[in-house]
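Q: Please show me how to read the ligand sites and the local backbone features of a model such as this one.

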Amino acid sequence: MVALRVNKSHSEADQPSSPVVRFEADQPLKLDAGTLLSPFQVAYQTYGDLNADKSNAILVCHALTGDQHVASPNPVTGKPGWWQVLIGPGKVIDTDRFFVICANVIGGCLGSTGPASTDPATGKPYALNLPVITIRDMVRAQLMLIDHLGIDQLFCVIGGSMGGMQVLEWASSYPERVFSALPIATGARHSSQNIAFHEVGRQSVMADPEWLGGDYLVAGRRPEKGLAVARMAAHITYLSEAALHRKFGRNLQDRDRPTFGFDADFQIESYLRHQGMTFVDRFDANSYLYLTRAMDYFDLAADHGGRLVEAFAGTKTRFCLVSFTSDWLFPTEESRSVVHALNAAGASVSFVEIETDRGHDAFLLDEPELFAAIDGFLRSAARAKGLAVR
Ligand SMILES: CC(=O)SCCNC(=O)CCNC(=O)[C@H](O)C(C)(C)COP(=O)(O)OP(=O)(O)OC[C@H]1O[C@@H](n2cnc3c(N)ncnc32)[C@H](O)[C@@H]1OP(=O)(O)O
Ligand SMILES: N[C@@H](CCO)C(=O)O
């Protein structure tokens, strides 16, 4: 690739800096892979105050490449938290009223145990010796954190994309611990097409000679080109054709005519290269393999004898699902099938499909209809729980 300049030399010390708060578990984490992970830790952030009866906690679950810095500047990128437009004092998720918790997932690379963490058996990074992690494993680790914080029932669990998968897993596995659930732009399983895109990304990472079978950290190397290409391909799936056309069309980048070469002639090429290059500065390649795999394995119906309704049998949790018309990664049909299962299970469920051309990543943007839906749902749930409503 001509202009994808990401081949800086890196070492383990270049990994993103540690977050402030960590939960060091005193029990091993039971993994779906059939082994125990021990020791393990969960890095997390909180915003606002937990009330006296611990009834105002909202757990935010992050997406594939997100992290715990949901409502405060990200220490790695220096940018605002990924939902800072939504969460904070006086905002839709009002930290003057709610206690917001966001934890880096197990398998991630911003402080929770993941493939870059030290394997106690070898004293070296786990790399591919870390057992494969599932969405249920992530949620089990979060449950231990919530127990540690002394919270019996979360007022709400909310998240988009892979975060939405965690929300569904929480509501299915621990219904009594979840008063309300807000899964956004997600589904109860990863589709064949989505697994296919992830496989392309993983193969791109593994084809990079710097990947070294996953052992790049001990060699002071990183498969940045492979990871950047993986991100470029994935990023296309987070947008929509209409938005790409609106933002870039066939416009050329800083030139009047094509170069008749393979530089980034088009704005869209330049944009994707930028997305790829900035991504490798904040993300670990092996974490990318593990987290995409976790999404691939997610299939809530399969976990319940092929019947999604069984995943929610007897639930008292109140649900609101949100999808976006231009999301072709998790099209509305995926949310609708969850809504059907919840209705069949007799659950309290509402559903909002938002008209937008911003694609899957619309959940990360300042999207007024999304914010209105979250606001309305939280108000109604707060009233039902007897919490003060603005
Ligand atoms: C979910 C979580 O938990 S957090 C993880 C999510 N974060 C991400 O996915 C980060 C990458 N994703 C994105 O940037 C997503 O598009 C969004 C939704 C988060 C942001 O969308 P938008 O605000 O519309 O930003 P947009 O997609 O236009 O990208 C802007 C960036 O592209 C750059 N850019 C825009 N046009 C061009 C171009 N022609 N050539 C090069 N770079 C360009 C901008 O300079 C800007 O760079 P910066 O982010 O380094 O400041
Ligand atoms: N763009 C977001 C959502 C992906 O599902 C991320 O990278 O986490």
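The dialogue below takes the two ligands in turn and then the backbone.

A: This is a predicted model, in which local features need pLDDT of at least 70, side-chain atom pairs count only at pLDDT 80 or more, and totals for chains, interfaces and linings use all residues. Residues are numbered from 1 along each chain as its sequence is written, chains are lettered from A and ligands numbered from 1 in the order in which they are written, and side-chain values use heavy atoms, with hydrogens and water left out.

Q: How many residues surround ligand 1, and which are the closest?
A: A residue is near a molecule if one of its heavy atoms lies within 4 Å of it. Ligand 1 is surrounded by 21 residues, the closest being Lys79, Arg231, Ser270, Tyr271 and His274. By class, seven are nonpolar, nine polar and five charged; here Ala, Val, Leu, Ile, Met, Phe, Trp, Tyr, Cys and Pro count as nonpolar, Asp, Glu, Lys and Arg as charged, and the others, Gly among them, as polar.

Q: Which part of Ala63 is 3.3 Å from an oxygen atom of ligand 1?
A: A polar contact is a pair of N or O atoms within 3.5 Å. For Ala63 the partner of the ligand 1 oxygen is a polar backbone atom. Side chains also take part: a polar atom of Ser270 lies 2.6 Å from a nitrogen atom of ligand 1, and an N or O atom of Gln253 is 2.8 Å from a nitrogen atom of this ligand. On its own, ligand 1 has 990 Å² of accessible area (Shrake-Rupley method, 1.4 Å probe), and the protein covers 66% of it.

Q: Which elements give two or more residues to the shell around ligand 1?
A: Helices are DSSP runs of H or I with at least four residues, and strands are runs of E with at least two, numbered from the N terminus. The elements in question are α4 (224-238) and α6 (267-280). The largest share, five residues, comes from α6.

Q: Why does ligand 1 lie between domain 1 and domain 2?
A: Domain bounds come from an automatic or database domain assignment. Ligand 1 lies between the two because domain 1 (8-191 + 299-385) and domain 2 (195-292) both give residues to its shell.

Q: What polar contacts does ligand 2 have?
A: One oxygen contact is with a polar side-chain atom of Thr65, at 2.6 Å. The side chain of Arg231 has an N or O atom 3.0 Å from an oxygen atom of ligand 2, while that of Asp361 has one 2.8 Å from a nitrogen atom of the ligand. Taken alone, ligand 2 exposes 250 Å², of which the protein buries 96%. Its shell divides into five nonpolar, four polar and two charged residues, including Ser161 and Tyr238.

Q: Which residues does a cis peptide bond join, and what is the phi of Ser161?
A: The cis bond joins Ser38 and Pro39, with omega about -5°; Pro39 lies in the loop between β3 (36-37) and β4 (41-47). Ser161 has a positive phi of about 60° although it is not a glycine, and lies in the loop between β11 (154-160) and α2 (162-173).

Conventions:
A polar contact is a pair of N or O atoms within 3.5 Å; within protein, one must be able to donate a hydrogen and the other to accept it, and residues adjacent in sequence count only if both atoms are side-chain atoms.
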